[in-house]
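Good morning, and thank you for making time for this talk. Please have the sequence and the model open while I speak.

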Amino acid sequence: MKHSSKRKGCIIVLLMILLQMSIIQNINAEWWSMFGHDIDHSRYSTSPAPDTNNIRWTYTTSREIESSPAVIDGRMYVGSADGRVLCLDAMTGDFVWEYITGSYVDSSPAVACGKVYIGSYDGRVLCLDAMTGDFVWEYITGDYVHSSPAVADGRVYVGSADTKLYCLDAMTGDLVWEYATGDYVHSSPAVADGKVYVG
């Protein structure tokens with residue numbers, strides 16, 4: 001009887017852990033942490049869509065915004081043509097922080113493990129602290145970076161107008177490898193099953 005009750009206890013604990021993991025995954029699936037939602041660019045979120053077109057808030061920059069926002073952990077991250085990366089409160093639109101790049105930003109940010117990764121027109125791939133906006137590292141390519149980074153398994157994948165696809169270490173910004181495509185790389189890489197796909 002003792003062994004049976006232990007087994008029941010283990011099964012209940014395991015079910016509770018699995019349920020907890022499922023809830024966490026569902027919560028995470030609501031966030032839109034990078035271009036195309038995730039590394040597969042599934043463009044799928046479990047979040048319910050709005051039933052109306054009522055505006056909740058607006059935030060005005062001094063120039064146009066072509067960057068697609070990333071939304072995670074109650075914050076929205078976006079680049080602007082006025083040379084800024086912005087972090088706003090996702091519910092209220094209140095300003096949280098900005099990072100001035102000094103160059104046009106139309107790359108869409110990717111947010112992972114407390115960091116924001118984004119490209120700029122001065123050829124840089126930037127890594128910023130997601131909480132504070134503080135500079136962490138940069139990698140300088142040979143031309144502008146319109147491509148939106150994808151982050152998977154501790155690596156950042158991003159294209160550049162210098163005709164190369166880059167794989168960088170997400171923690172340090174060190175180059176892991178590069179691939180010469182022969183033409184501009186504007187598209188955002190998709191990562192699935194140990195492979196990288198890019199146009």
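Let us begin at serine 120, which is in contact with Tyr104, Val105, Tyr144 and Val145 once its neighbours within four places in sequence are left aside; contact here means heavy atoms within 4.5 Å. This is a predicted model, in which local features need pLDDT of at least 70 and side-chain atom pairs count only at pLDDT 80 or more, while totals for chains, interfaces and linings use all residues. Residues are numbered from 1 along each chain as its sequence is written, and side-chain values use heavy atoms, with hydrogens and water left out.

Where does serine 120 lie in the chain? Its place is the loop between strand 6 (115–119) and strand 7 (124–129). Strands are DSSP runs of E with at least two residues, helices are runs of H or I with at least four residues, and both are numbered from the N terminus. Serine 120 has a relative accessible area of 0% and is therefore buried. The term buried stands for under 20% relative accessible area, exposed for over 50%, and partly exposed for values in between, with a 1.4 Å probe and protein chains only.

The same loop, between strand 6 and strand 7, also holds tyrosine 121. I turn now to the aromatic rings. Eight aromatic pairs are found in a search of the whole structure. Rings of Phe, Tyr and Trp (its six-membered ring) pair if their centres lie within 6.5 Å; planes under 30 degrees apart count as stacked, over 60 as edge-to-face and the rest as tilted. Tyrosine 121 and tyrosine 144 make a stacked pair, at 4.5 Å centre to centre and with 15 degrees between the planes. Because tyrosine 144 lies in the loop between strand 8 and strand 9 (150–152), this pair ties together parts that are 23 residues apart in sequence. Tyrosine 121 is partly exposed, at 32% relative accessible area, whereas tyrosine 144 counts as buried at 16%.

How are the rings of tyrosine 139 and tyrosine 166 arranged, stacked or tilted? Their centres are 5.4 Å apart and their planes stand at 55 degrees, so the pair is tilted. Tyrosine 139 belongs to strand 8 and tyrosine 166 to strand 11 (residues 164–169), so this pair ties together parts 27 residues apart in sequence. Both of these tyrosines, 139 and 166, are buried. Elsewhere, Tyr104, Tyr121, Tyr144 and Tyr184 form one aromatic cluster.

Next, the strands. Strand 7 and strand 8 (residues 135–140) pair in the antiparallel sense over five bridges; two strands pair if DSSP finds at least two bridges between them. Within this pairing, valine 125 stands opposite tyrosine 139 in strand 8. The hairpin of strand 7 and strand 8 has five residues between the strands, and glycine 133 takes a positive phi near 80 degrees there.

Four strands form an open sheet in the order 9-10-11-12, with antiparallel pairing. Strand 9 and strand 12 (175–180) are its edge strands, each pairing on one side only. Strand 11 and strand 12 run antiparallel and are joined by five bridges. Cysteine 167 has tryptophan 177, in strand 12, as its bridge partner.

I close with the chain as a whole. The secondary structure comes to one helix and 14 strands. Of the 199 residues in the protein chain, 41% are buried. Among contacts between residues at least 6 apart in sequence, 39% join residues at least 24 apart.
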